[in-house]
Amino acid sequence: MQPIAQGMDEALRRSAAEVKRQTVDDLFTANPARAATFQCTGAGITLDYSKQLLAEEHLDQLLELANDASLSAAYSDLVNGAEVNITEQRPALHTLLRGTAASVSPAKHKAVNATLASMRHLVGEVHDGRRKGFSGLTFTDVVNIGIGGSDLGPRMVSRALRTATPKLRAHFVANVDPQDLQEILTSLNPASTLFIVCSKSFTTEETLSNALRAREWLLSGGATPAAIREHVVAVTTNVEAAEQFGIDPTQCFPLWDWVGGRYSVWSAIGLVIALQLGWTAFAALLEGARAMDAHTLETPPHSNLPIIMALLEWWNTLYLKTETHLVLPYSQRLSAFTEFLQQLTMESNGKRTQLDGTTSQHPTAPVVWGSSGTIGQHSYYQCLHQGNRGFSADLILPLTNGEVDHVAHRKLAANALAQSRAFMIGRSEAQAQALAKARSQDELMAAHYVMPGNHPHSVITFHGVSPHYLGALIAAYEHKTFFLSRLFNINAFDQWGVELGKVIGQHIDKILESGQDIESLDPATANLVSAWRALNP
């Protein structure tokens with residue numbers, strides 16, 4: 001798309017200056033129907049954005065921007081296989097992994113279905129005991145070894161959907177720090193543990209290091225080299241390297257260059273989810289995402305949930321100058337959701353270079369952070385309510401929580417709704433003075449009780465954390481991220497900043513090992529290398 005027109009930008013800046021003089025409470029007074037009209041629903045997910053700081057005319061401006069930017073057409077291009085990843089000259093067809101627009105590429109769709117069939121076959125073999133460990137024991141545990149998109153997505157879904165009686169207990173290893181793997185292996189039995197090595201290239205340093213140590217653990221636990229084939233499968237395109245490792249080539253599940261890591265939970269990267277929860281749950285996850293795809297394809301911008309989410313973040317970041325965006329799930333099941341979104345949004349849109357090669361003159365992706373439930377209320381919410389940094393937020397509230405303590409779940413919901421209301425109304429100077437007076441305190445103390453409120457935020461609700469609704473929720477944020485990239489005029493599907501760190505890390509690793517070429521480093525880094533080598537001869 002072309003950069004935003006100067007006239008539109010100036011109009012939005014005037015609107016932002018105008019609305020900053022108002023409060024969300026005032027906006028509710030001016031429009032009693034606001035709570036009903038400032039919301040939309042897609043695939044069972046409801047976005048209530050009535051507590052965002054914008055009036056009807058400002059929303060109309062943003063919707064005009066969505067039309068000018070051709071967001072709906074851009075999404076159609078995405079799912080239809082356009083080369084949206086311009087620096088790597090690839091499409092981004094993660095939606096095809098769940099069957100959306102399957103007719104666009106019959107060959108790719110056939111490959112996806114073949115992979116799903118192979119995954120389902122393996123899951124069935126493990127669950128019914130046809131595939132066993134080297135001593136004849138059935139598998140009880142599965143360890144997913146990956147990093148980034150090969151770890152964060154499946155780890156988050158596994159945590160969100162796990163039950164008291166999983167098909168297999170699922171574990172995740174990502175950190176190259178040997179403590180990460182060691183802590184997990186300590187409680188496991190080599191004879192009943194299955195490993196999934198997730199690395200597209202089968203050369204990812206952190207993943208390969210952990211995989212090699214896992215193999216040594218199996219061998220030291222009684223497995224023969226030949227038995228490695230029963231205990232380790234791979235998600236990779238480098239079948240030759242996997243086979244040299246000891247993995248059966250028929251147990252290598254493909255990844256494709258048209259799927260980025262942070263969008264890959266729907267692929268064979270999700271194998272650990274199916275092994276933990278069963279194939280039905282994994283299929284329902286895909287179905288939920290497919291339902292959100294359909295909503296996004298078929299719904300005009302004014303009712304399109306991911307488009308509205310993107311427009312709100314654009315408005316808050318560029319015009320209301322919010323510095324960070326919080327995602328606050330009021331569900332312990334979603335405790336890893338914000339961490340997953342950090343990669344999805346900041347790795348996708350944390351870029352300064354626009355599609356035409358010029359440098360953006362404004363911030364792109366906000367910093368995403370947050371935590372689950374009421375935990376943050378006893379940590380950083382103090383800064384949110386009385387600090388002086390701007391932020392926006394999504395509060396996520398599943399409306400049911402299965403067979404749990406109903407009173408406790410009610411209190412959780414009360415906390416979520418209370419914090420939403422506190423973000424909106426705060427505490428006025430008059431209320432603070434009354435509170436100080438009630439406490440027999442000097443009027444000067446009242447300032448310590450003032451909370452400005454008026455913090456823009458949305459509340460996202462759905463029935464409960466199930467495979468279907470979780471799939472829809474993830475897809476909503478995927479599409480929001482893409483729409484923002486179009487508004488920011490950047491490529492959401494490469495990650496050259498990640499690549500730079502890898503290249504420099506490989507260079508320093510060689511210097512740490514040999515001590516040679518230390519003069520190629522800056523003096524501070526060279527001193528640290530010398531300090532490390534002195535303690536690790």
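This is a short walk through one protein chain, from overall shape to core to salt bridges.

A caution before the details: what you see is a predicted model.

Let's start with the whole chain. There are 537 residues, and a compact globule of that length would have a radius of gyration near 24 Å. The chain comes out at 25 Å, which agrees. Along the principal axes, the C-alpha atoms fill a box of roughly 75 × 60 × 55 Å. The secondary structure runs to 21 helices and eleven strands.

How much of the chain is buried? Buried residues are 50% of the 537. The accessible surface is about 23,700 Å², and carbon and sulfur atoms hold 53% of that. Now the contacts. Take those with a separation of 6 or more: 75% of them join residues 24 or more positions apart.

Next, the interior. In soluble globular proteins, nonpolar side chains tend to be buried together. Here the largest nonpolar core has 113 residues. Which residues have the most contacts inside it? Trp314, Phe337 and Tyr477. Helix α19, residues 467–488, gives the most to this core, with twelve residues.

Look at Trp314 on the screen. Set aside its neighbours within four places in sequence. Trp314 then touches Ile4, Leu12, Leu62 and Leu65, among others. Its contacts also include Tyr319, Leu484, Leu487 and Phe488. Apart from this core lies another one, of 24 residues. Among its members are Leu181, Leu185, Leu188 and Ala223.

On to charges. Side chains of opposite charge can pair when their charged atoms come close. A search of the whole structure gives 15 salt bridges. I'll show three pairs and one network.

Pair one is Asp9 with Arg13, at 3.0 Å from N to O. Where do they sit? Both are in helix α1, residues 6–19. They are four residues apart, so about one helical turn separates them. Asp9 is buried, at 17% relative accessible area. The cut-off for buried is under 20%. Arg13 is partly exposed, at 39%.

Pair two is Arg169 with Asp141. Their closest N and O atoms are 2.9 Å apart. Arg169 lies in strand β4, residues 169–173, and Asp141 in strand β3, residues 141–145. That is 28 residues apart in sequence, so the bridge ties together two separate parts of the chain. Is Asp141 buried or exposed? Buried, at 2% relative accessibility. Arg169 is partly exposed, at 47%.

Pair three is Asp248 with Arg229, at 3.5 Å from N to O. This one links distant parts of the chain, 19 residues apart. Asp248 is in the loop between α11 (239–245) and β7 (252–253). Arg229 is in helix α10, residues 228–231. Asp248 counts as buried, at 18% relative accessibility. Arg229 counts as partly exposed, at 35%.

Put the burial values side by side. Asp9 is buried, Asp141 is buried and Asp248 is buried. Their partners Arg13, Arg169 and Arg229 are partly exposed.

Last, the network. Which residues does it link? Glu88, Arg90 and Asp257, through salt bridges.

To recap: a radius of gyration that agrees with a compact globule, a largest nonpolar core of 113 residues, and 15 salt bridges. That's the tour.

Conventions: Residues are numbered from 1 along each chain as its sequence is written. This is a predicted model: local features need pLDDT of at least 70, side-chain atom pairs count only at pLDDT 80 or more; totals for chains, interfaces and linings use all residues. Side-chain values use heavy atoms; hydrogens and water are left out. A salt bridge is a side-chain nitrogen of Lys or Arg within 4 Å of a carboxyl oxygen of Asp or Glu. Buried means under 20% relative accessible area, exposed over 50%, partly exposed in between (1.4 Å probe, protein chains only). A nonpolar core is a set of buried Ala, Val, Leu, Ile, Met, Phe, Trp, Tyr and Cys residues joined through side-chain atoms within 4.5 Å. Contact means heavy atoms within 4.5 Å. The radius of gyration is taken over C-alpha atoms; the globule rule is 2.2 Å times the number of residues to the power 0.38. Accessible areas come from the Shrake-Rupley method with a 1.4 Å probe; for residues, only the protein chains shown count as cover.
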